[in-house]
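Hi there,

Here is the structure I promised to pass on. Have a look at it first, and then read on for what turned up.

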Amino acid sequence: MSLEPGVLMAVRHLKMHYPIQKGFLRRTVGHVRAVDDIGFDVREGETLGLVGESGCGKTTTGRLLTRILRPTAGSIAFAGADGAELDVVALEGAGLKAYRRAVRMVFQDPFSSLNPRLTVAEIVGQCLTAHGIASGRRRDEMVAQLLEEVGLRPEYLRRYPHAFSGGERQRIGIARAIALRPRLIIADEAVSALDVSVQAQTLNLLNRLKARHGLTYVFVAHDLSVVEYICDRVAVMYVGKIVELGDRDGVFRTPLHPYTEALMSAVPLPDPDLRERRRRVRLKGEVADPANPPSGCYFHPRCAYATERCRNEAPPLRDMGGGRHSACHYAGELGLAGAFAPSNAA
C-alpha cells in the first residue's frame, strides 16, 4: 500500500472475527464479526470521529489501530517519522514498541484505566522509563510539566488515583497519552463517563493539545453532539461495517445512509420549533447479530427504504464525490433529513 500525501494512516479491508467455540473439543462453529471489512484514511492533523450504537465495533477498531489487538485480516499502513511506510499488522518487538510511542490511546473509563496502587508520577512516568526517555528525578520533573499542561497541579505527583474526581483522572490519562509526544491519539469514548460541564472542559483541552503539538485524533464516541463539536470528518459504523464517511457538516446536514439519518434525528436541538418540525426516525427491531448477520445490507431489517435488492445484495462503500462515501444502494436518491434541518417528508 502506498500512502497518499497528507495521509497519516490508511486502513484497508480490516477484519476482526472472534471464533465461537462449542463442545468438549472446543470446535469453532462460527465467528463474531466485530469488525467486518472496513477501510478509511486518517489525514494528518484532523480529528476523525467513529460513531455508532454500542457494539458496532468502534472500540475494537481503536484497539486494532493501536495494535492492542492483531486483526484477523486486512492492512494498516502508517507514515513513520522518517518518511518510511510502516506495515502495522506485521510489526513485532522493537518496531512495535516504536509504533506504540507514536500512536497512543485514551481509554473510556477514567477509573479502571489507572492502577490504584501507583502514584500519578508512576502512572504517567512508566512510559517515559520504558522507552528510555527519563527516570528518577528527571522523570518526576517531566511528569510535573505534563500535569501542568493538562490543567493539574504538579504537587499531585505523589497522590493516588482515588484522590481525584473523574474529570481529573481523565486528565491524568491524557497526560499519560501525550507523554511520549505521539503523532496519533485514539480517544475511546474519552468523555462519555464525565459530567456535561466536565466534558466541555476536556474537549477544549484536547483541542488545545492538538493545536500545540500538531496531534491527530481518532475520536470514538456515541454522543453526536460531542462529535459535531470536535471532529472534522465522521465515519458511521453499523455491525462492524462503515456505512457512511464524510466531512462533519455534510454528514450532519445531508446524510446519505438511512442509518445515519436515524442517528441524526436523535441529536438534541436547543430550538423547540426545530424539534417540532423535525421528524424523529425510530428504528424497528434490534441491532443485527454480528455472529449471524442478515443477508445483503446488514441494516435492511430496520430500514424503512429497504427493497428486494437490499435484502439480497450487500452494498459497497461507494465514493459519492466531494469526499463523501456511502454504503447504500440508493445513496443520494432518498432525500434524507439531517440533524439541523427539518424533515422533507411529505
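Before anything else, a word on naming: helices (H or I, at least four residues) and strands (E, at least two) are DSSP runs, and they are numbered from the N terminus. With that in hand, Phe-299 can be placed in the loop between α10 (272–277) and α11 (308–312). Please keep in mind throughout that this is a predicted model.

How far to trust it

The average pLDDT of the chain is 91, and 95% of the residues score at least 70. The stretch to be careful with is residues 341–346, where the pLDDT is below 50. In the model that stretch has 10 contacts beyond near neighbours in sequence.

The chain as a whole

You'll find 11 helices and 12 strands in the chain. Its radius of gyration is 21 Å, close to the 20 Å that the globule rule gives for 346 residues, so the chain is as compact as a globular protein of that length. If you want box dimensions, the C-alpha trace spans about 65 × 55 × 45 Å along its principal axes.

Of the 346 residues, 51% are buried. The accessible surface adds up to about 16,200 Å², and carbon and sulfur atoms account for 49% of that. Looking at contacts between residues at least 6 apart in sequence, 63% join residues at least 24 apart. As for charge, there are 46 positive and 38 negative ones, and their mean positions lie 5 Å apart.

Two residues with positive phi

Which residues have a positive phi without being glycine? Glu-189 is one of them, with phi near 50°. You'll see Glu-189 in the loop between β7 (184–188) and α6 (196–213). Is Glu-189 buried or exposed? Its relative accessible area is 7%, and buried means under 20%, so Glu-189 counts as buried.

Val-239 is another: its phi is positive, at about 50°, and it is not a glycine either. Val-239 sits in the loop between β9 (233–238) and β10 (241–247). With a relative accessibility of 3%, Val-239 is buried too.

Some buried residues and what they touch

Start with Thr-61, which is part of helix α1 (residues 58–65). Thr-61 has 0% relative accessibility, so it counts as buried. Leaving out residues up to four places away in sequence, what does Thr-61 touch? The list is Val-35, Ile-38, Phe-40, Leu-50 and Met-237. Thr-61 and Met-16 are 45 residues apart in sequence, yet their C-alpha atoms are 8.4 Å apart in space.

Next is Val-103 in strand β6 (residues 103–106). Val-103 is buried, at 4% relative accessibility. Residues up to four places away aside, its contacts are Leu-65, Thr-66, Phe-78, Pro-182, Leu-184 and Ile-186. For a pair in the other direction, take Val-103 and Ala-339: they are 236 residues apart in sequence and 32 Å apart from C-alpha to C-alpha.

Then there is Leu-114, in the loop between β6 and α3 (120–130). Leu-114 is a loop residue that counts as buried, with 4% relative accessibility. Beyond its neighbours within four places in sequence, Leu-114 is in contact with Ile-123, Pro-161, Arg-169, Ile-172 and Arg-176. Where is Gly-173 in relation to Leu-114? The two are 59 residues apart in sequence, and 7.5 Å separates their C-alpha atoms.

Finally, back to Phe-299, the loop residue from the top of this email. Phe-299 has a relative accessibility of 3%, so it counts as buried. Setting aside neighbours within four places in sequence, Phe-299 meets Tyr-238, His-257, Pro-258, Tyr-259 and Leu-283. Arg-139, on the other hand, is 160 residues from Phe-299 in sequence and 51 Å from it in space, C-alpha to C-alpha.

If you open the model in a viewer, Thr-61 in helix α1 and Phe-299 in its loop between α10 and α11 are handy places to begin.

Cheers

Notes. Residues numbered from 1 in each chain as written. Predicted model: local features only at pLDDT ≥ 70, side-chain atom pairs only at ≥ 80, totals over all residues. Heavy atoms only, no water. Rg over C-alpha atoms; globule rule 2.2 N^0.38 Å. Buried < 20%, exposed > 50% of the residue type's maximum accessible area, 1.4 Å probe, protein only. Contact = heavy atoms within 4.5 Å. Areas by Shrake-Rupley, 256 points an atom, 1.4 Å probe, with all protein chains shown as cover. Lys, Arg positive; Asp, Glu negative; His and termini not counted. Charge placed at Lys NZ, Arg CZ, Asp CG, Glu CD. pLDDT = per-residue confidence, 0-100.
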